[in-house]
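Colleague: I should be grateful for a close look at a single part of this model, followed outward to whatever adjoins it in your account. Please take the sheet as your starting point.

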Amino acid sequence: MRLSRYFLPVLKENPAEAQIVSHRYMLRAGMIKQQAAGIYSWLPLGFKVLRRIEQIVHEEQIRAGHIPLLMPTLQPADLWRESGRYDDYGQEMLRIKDRQEREMLYGPTNEEMITDIFRSHVGSYKDLPLTLYHIQWKFRDEMRPRFGVMRGREFLMKDGYNFDLTKEDALHAYNRHLVSYLRTYERMGLQAIPMRADSGPIGGDDTHEFLVLAATGESEVFYDSAVTDIRLGKREIDYDDKAQCQAVMEEFTSLYARTDETHDAALFDAIPEERRKSARGIEVGQIFYFGTKYSEPMGANVVTPDGARVPVHMGSHGIGVSRLLGAIIEASHDDKGIIWPEGVTPFHVGIVNLKQGDAGTDSACEAIYGALKAKGLDPLYDDRDERAGAKFATMDLIGLPWRITVGPRGLAANKVELTSRRTGVSEEMSPEAAVARVV
Ligand code: ATP
Ligand code: MG
Ligand code: MG
Ligand code: MG
């Protein structure tokens, strides 16, 4: 992409309404525009990152054997009357009437609808196990929408639902989700720690939230610092292997890590003092096992091998896709702007032309731009007629992992400058070497 032809409405001033750094940088970098409290347009740069995050979520869900579909944003109220949640959900639910006066709602989550799909089409244990998921906009009329996309009213969520014959199988699905989530967050350059949590209005017995530690997080968390040393890394996972998924789950959840809702001071005090930590965290996901809470009242039954009809065991599993942009920026920035992890960056590399209009510099930039694209990379070429300082400030703000700076003085010695956004280290090298180094 050439910046002269892109739409990147960068703000010079700090927007007064932004209280935390991720919100400030997302507005300044022209990634989002607020349309109403907690409702945003995703401008091209923000949309690009959102799509990359979504793509990682899809890849890891499909790797775990989960199947994508798409349910609507609007749902009939009657479905929610079957589970009893239409009255329970309260003011967070946006209720709408259509022209026939039929009661509808903008879905805050989809347990009822997926259970309805299941009961319409599945009747035998032979069709299990089954896990279906989608990535779809949700609406929750939050009391205090704030911090930009972090607590929106309209927000993008991945929500997945498992259907299993037995509790044991459903707990395998739970573990599979836990492992796939760990991998998902790590690919985004994030450490999200599974913490024992409270199930809230979804209901159920087993639940973990995934928290990214950050001073601006809305949750209070307590943990043994040894949990921050564990990584999934590149280990091979066989998602059908119950024992392996269980072992990974235990490895990541046996040390103390809880949100304030389930915090137990006596257990916490038993941790050696130097490892006892309390901090703030951002909830970027949550997994639940809730057994037959929805299948029983809604009649989602299957026939067992012995011919009995039993309600299926279910769980639901969510990732805050749009909130993740905020969480990643909170975890990865400096005083000049965002520092995107390579896995989610909107462009792989920026090219800064220090002397736009100079034939030699222009053609060197064009050659680098073409070579990067030929390598399958997505470069952003700043070909505007702007001061070098302004170009550098924009590149620092939007946080691409690499910058290649091209000017007539360097080119005289066949040199360009390659700069890492994360370390700030610059190295001079030939244009070909710079292209080769960028990944
Ligand atoms: P919170 O405690 O922050 O209100 P939640 O526990 O109500 O979140 P869940 O029902 O667990 O949310 O939904 C799954 C995920 O969706 C959450 O872990 C979070 O990452 C994301 N999410 C929830 N509410 C919002 C929101 N208002 N804006 C953006 N993302 C959200
Ligand atoms: Mg909530
Ligand atoms: Mg929560
Ligand atoms: Mg939650």
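**The open sheet and beyond**

Modeller: In this predicted model, three strands make up an open sheet, arranged in the order β4-β6-β5 with antiparallel pairing. Its edge strands are β4 (74–76) and β5 (94–97), each of which pairs on one side only. On average, and with direction ignored, neighbouring strands of the sheet are turned by 35 degrees against each other. Between β4 and β6 (residues 103–106), which run antiparallel, there are three bridges; leucine 74 has tyrosine 106 of β6 as its bridge partner.

Helix α1 (residues 21–28) may be considered next. Eight of its eight residues are buried, so the helix is largely enclosed by the rest of the structure. These buried residues are Val21, Ser22, His23, Arg24, Tyr25, Met26, Leu27 and Arg28. Their cover includes the helices α2 (44–63), α10 (321–331) and α12 (388–398), together with the strands β1 (32–36), β17 (333–334) and β18 (337–338). Just after α1, glycine 30 adopts a positive phi of about 65 degrees.

Helix α10, part of that cover, also belongs to the surroundings of ligand 1: along with β8 (154–164), β13 (276–291) and β16 (313–320), α10 gives two or more residues to the shell. The largest share, four residues, is supplied by β13. Of the 16 residues around ligand 1, those that come nearest are Phe155, Gln286, Gly318, Gly320 and Arg323. Sorted by class, the shell contains eight polar, five charged and three nonpolar residues.

Terms used: Residues are numbered from 1 along each chain as its sequence is written. Chains are lettered from A and ligands numbered from 1 in the order in which they are written. This is a predicted model: local features need pLDDT of at least 70, side-chain atom pairs count only at pLDDT 80 or more; totals for chains, interfaces and linings use all residues. Two strands pair if DSSP finds at least two bridges between them. Axes are lines fitted to C-alpha atoms, for helices over the stretch in contact, and angles run from 0 to 180 degrees between N-to-C directions. A residue is buried if 20 or more other C-beta atoms lie within 10 Å of its own, exposed if 12 or fewer, and partly exposed in between; C-beta atoms are placed from the backbone. Two residues are in contact if their C-beta atoms, placed from the backbone, lie within 7 Å. A residue is near a molecule or strand if its C-beta atom, placed from the backbone, lies within 6 Å of it. Ala, Val, Leu, Ile, Met, Phe, Trp, Tyr, Cys and Pro count as nonpolar, Asp, Glu, Lys and Arg as charged, and the others, Gly among them, as polar.
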